[in-house]
Amino acid sequence: MLIRVLGIVVVLLASCGLGFRISYELIDRIEDLQQIKRVLIMLRGEIKYANTPLTEALSTIAFRVPIPWTDFLKEIAETMDACDGSTFPSIFQKAQKKYLDRTSLLPKDLSRLSDFGANLGYLDKEMQLGSIDLYLEELEAEMKDAKEKVEKNSKVYRIMGMAVGVLILLVIL
């Protein structure tokens, strides 16, 4: 009897945990999008007001953001400083795959970020600023959609996790 009760508790906890995990992934995505926004705002400030070259701007910003963004920006800046003949878009994509695939960003978010990186590296100051501003607008819209999705679906995922656990128990018992 004790083993049966333990089994019930384990099944309920596992299914509830899964529902909560899916819910938290939605929230983590919003936090990652907000971090991209912070990086872009700092980058825009470095380029626009401090007239900092892109490599130096990325190095400076790298010390003001959390991991994995620190590693991502450092990798780009260090590779650019090495002058190994790689283009900025390829450097950006390699660093993105290396450090940002472990984030909660969706493939479409990573694709947009990659597109932004492809446009950023070879442009002059004004075009870089325009590219940053355009991506910030897209990011705002995506963050708004993500927040609406969290408000609408977060509770549903948690309840569904519990309901699936109860359903499994009913089938087993």
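A salt bridge is here a side-chain nitrogen of Lys or Arg within 4 Å of a carboxyl oxygen of Asp or Glu. The structure under discussion is a predicted model, and it holds ten such salt bridges.

## Salt bridges

One of these pairs is formed by D133 and R44, whose closest N and O atoms are 2.8 Å apart. Because D133 belongs to helix 6 (residues 125-172) and R44 to helix 1 (residues 2-48), the pair ties together parts that are 89 residues apart in sequence. The two partners are classed alike: D133 counts as partly exposed at 29% relative accessibility, and R44 counts as partly exposed at 27%.

A further salt bridge brings together the side chains of R64 and E46, with an N to O distance of 3.1 Å. This pair also links distant parts of the chain, since R64 sits in the loop between helix 2 (54-62) and helix 3 (69-82), while E46 is in helix 1, 18 residues apart. R64 is partly exposed, its relative accessible area being 47%. E46, by contrast, is buried, with a relative accessible area of 14%; the assignment follows because buried means under 20% relative accessible area.

E75 and K98 make another salt bridge, in which the closest N and O atoms are 3.5 Å apart. Here helix 3, which contains E75, is linked to helix 4 (residues 88-99), which contains K98, and the two residues are 23 residues apart. E75 is partly exposed, with a relative accessible area of 22%, and K98 likewise counts as partly exposed, at 45% relative accessibility. In addition, salt bridges that share partners join R29, K108, D109, R112 and E142 into one network.

The three pairs described individually are set out below.

| Salt bridge | N to O distance |
|---|---|
| D133 and R44 | 2.8 Å |
| R64 and E46 | 3.1 Å |
| E75 and K98 | 3.5 Å |

## Packing of helix 1 with helix 6

Two packed helices are described by the angle between their axes and the distance between the axes. For helix 1 and helix 6, the angle is about 170° and the axes are 9 Å apart. Helix 1 is therefore roughly antiparallel to helix 6, because angles over 145 degrees count as roughly antiparallel. The residues of this contact divide into 28 nonpolar, nine polar and eleven charged. The salt bridge between D133 in helix 6 and R44 in helix 1 also connects these two helices.

## Loops and backbone geometry

Two loops carry backbone features of note. In the loop between helix 1 and helix 2 lies N51. Phi of N51 is near 50°, which is a positive value in a residue other than glycine. N51 counts as exposed, at 51% relative accessibility, because the exposed class takes in values over 50%.

The loop between helix 2 and helix 3 contains P68. The peptide bond from I67 to P68 is cis, with omega near 10°. R64 is found in this loop between helix 2 and helix 3 as well. Besides its salt bridge with E46, R64 can be placed relative to R38: the two are 26 residues apart in sequence and 9.9 Å apart in space, C-alpha to C-alpha.

## Buried positions in helices 2 and 3

L58 lies in helix 2 and is buried, with a relative accessible area of 5%. L58 and A77 are separated by 19 residues in sequence and by 5.9 Å in space, C-alpha to C-alpha. F72, in helix 3, is buried too, its relative accessible area being 4%. The C-alpha atoms of F72 and A95 are 5.6 Å apart, although their positions lie 23 residues apart along the chain when counted as sequence separation. Helix 3 thus holds both the buried F72 and the partly exposed E75.

## A nonpolar surface patch

V156, M160, V164, I168, I172 and L173 make a nonpolar surface patch of about 540 Å². Of these residues, L173 lies in the segment after helix 6. L173 counts as exposed, with 55% relative accessibility.

Methods. Residues numbered from 1 in each chain as written. Predicted model: local features only at pLDDT ≥ 70, side-chain atom pairs only at ≥ 80, totals over all residues. Heavy atoms only, no water. Helix = DSSP H or I, 4+ residues; strand = E, 2+ residues; numbered from the N terminus. Buried < 20%, exposed > 50% of the residue type's maximum accessible area, 1.4 Å probe, protein only. Axes fitted to C-alpha atoms, helices over the stretch in contact; angles between N-to-C directions. Parallel < 35°, antiparallel > 145°, perpendicular 65-115°, else oblique. Nonpolar A, V, L, I, M, F, W, Y, C, P; charged D, E, K, R; others polar. Patch = residues over 30% accessible without salt bridge, like charges linked within 9 Å, V, L, I, M, F, W, Y side chains within 5 Å. Areas by Shrake-Rupley, 256 points an atom, 1.4 Å probe, with all protein chains shown as cover.
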